[in-house]
Amino acid sequence: MPSNPDVEHSDEYSRAQTWLKPTQVERLRDVCLSDAVAPYLQDRNEVIVALLYDAGLRAGELCALDVSHLDLENGTIYLPSAIQKGSPPPATLELKPETVRLLRRYLRDRWKDTTALFPTRSSDRITARSLQRLIEKLAVEANVRPLLAGGGIGEPTEVTPHTLRHSVAYRIIQIDGGRLEDAQLRLRHANRQTTDQIYSHLIPR
């Protein structure tokens with residue numbers, strides 16, 4: 001079962017246990033636009049998945065985002081120190097054009113006008129627990145089973161927001177042929193040792 005989403009993952013600095021292939025992330029996005037999701041939540045859910053997978057955000061960071069943190073003209077998102085783990089210097093992340101397009105569509109049509117980027121049915125801001133439930137539900141609906149560090153595949157219920165963060169490193173290293181340093185920069189680890197500890201097993205041997 002997934003760990004408590006109210007606590008930033010205790011395995012933040014331990015070996016990545018679950019991740020998804022790009023095609024599996026696409027299946028999560030497809031489910032967002034299906035009858036499994038209420039029509040007014042479809043754009044929101046798809047952009048949540050896309051943003052987690054593009055920027056490699058932690059769950060708490062995504063939940064803390066405000067609309068004002070976006071600069072869609074320049075295709076960037078701003079992360080103040082206060083919403084990042086450990087309060088490092090502020091960061092500005094470049095987003096893929098596809099993510100920017102989804103954000104524009106979502107903001108144009110969203111059903112609730114809130115300061116927070118991602119409201120829910122009952123609240124002006126999504127919580128870590130709600131985000132956890134959302135990602136798990138999408139994974140179950142899409143029957144997406146994550147790759148496991150020990151080999152083999154896991155269950156859809158093991159897919160979490162942090163699985164998508166690990167999936168960014170998998171994409172950078174195994175799909176794009178990048179280095180651990182590239183994963184470190186995208187995921188904003190303070191030092192290379194952290195990246196080595198979490199993701200060195202993803203390097204093709």
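**A walk from helix H8 into the core**

Let's begin at the start of H8, where a side-chain oxygen of Asn 191 comes to within 3.1 Å of the backbone nitrogen of Gln 193. Keep in mind as you look around that this is a predicted model.

Moving along helix H8 (residues 192-199), you will find Thr 194, Thr 195, Ile 198 and Tyr 199 buried. These residues lie on the same side of H8, because the arc they cover around the axis is only 95 degrees. The partners that the buried residues of H8 pack against are helix H6 (161-175) and helix H7 (180-187). Tyr 199 is a good residue to pause on: its contacts beyond four places in sequence include Arg 165, His 166, Leu 180 and Leu 187.

Tyr 199 also belongs to the largest nonpolar core, which has 59 residues; together with Leu 28, Leu 51, Leu 57, Phe 118 and Leu 131, Tyr 199 touches the most other members. Helix H2 (residues 39-55) gives this core its largest share, nine residues. In soluble globular proteins, nonpolar side chains tend to be buried together.

Now for the charged side chains, which form 17 salt bridges in the structure. Back in H8, Arg 192 and Asp 196 pair at 2.5 Å, N to O. They sit four residues apart in the helix, so about one helical turn separates them. Asp 54 and Arg 186 form another salt bridge, at 2.9 Å, N to O. This pair ties together distant parts of the chain, with Asp 54 in helix H2 and Arg 186 in helix H7, 132 residues apart. Asp 54 counts as buried because its relative accessibility is 4%, and Arg 186, at 17%, counts as buried too.

Note on methods: Residues are numbered from 1 along each chain as its sequence is written. This is a predicted model: local features need pLDDT of at least 70, side-chain atom pairs count only at pLDDT 80 or more; totals for chains, interfaces and linings use all residues. Side-chain values use heavy atoms; hydrogens and water are left out. A nonpolar core is a set of buried Ala, Val, Leu, Ile, Met, Phe, Trp, Tyr and Cys residues joined through side-chain atoms within 4.5 Å. Buried means under 20% relative accessible area, exposed over 50%, partly exposed in between (1.4 Å probe, protein chains only). Helices (H or I, at least four residues) and strands (E, at least two) are DSSP runs, numbered from the N terminus. Contact means heavy atoms within 4.5 Å. The arc is that of the directions from the helix axis to the C-beta atoms. A polar contact is a pair of N or O atoms within 3.5 Å; within protein, one must be able to donate a hydrogen and the other to accept it, and residues adjacent in sequence count only if both atoms are side-chain atoms. A salt bridge is a side-chain nitrogen of Lys or Arg within 4 Å of a carboxyl oxygen of Asp or Glu.
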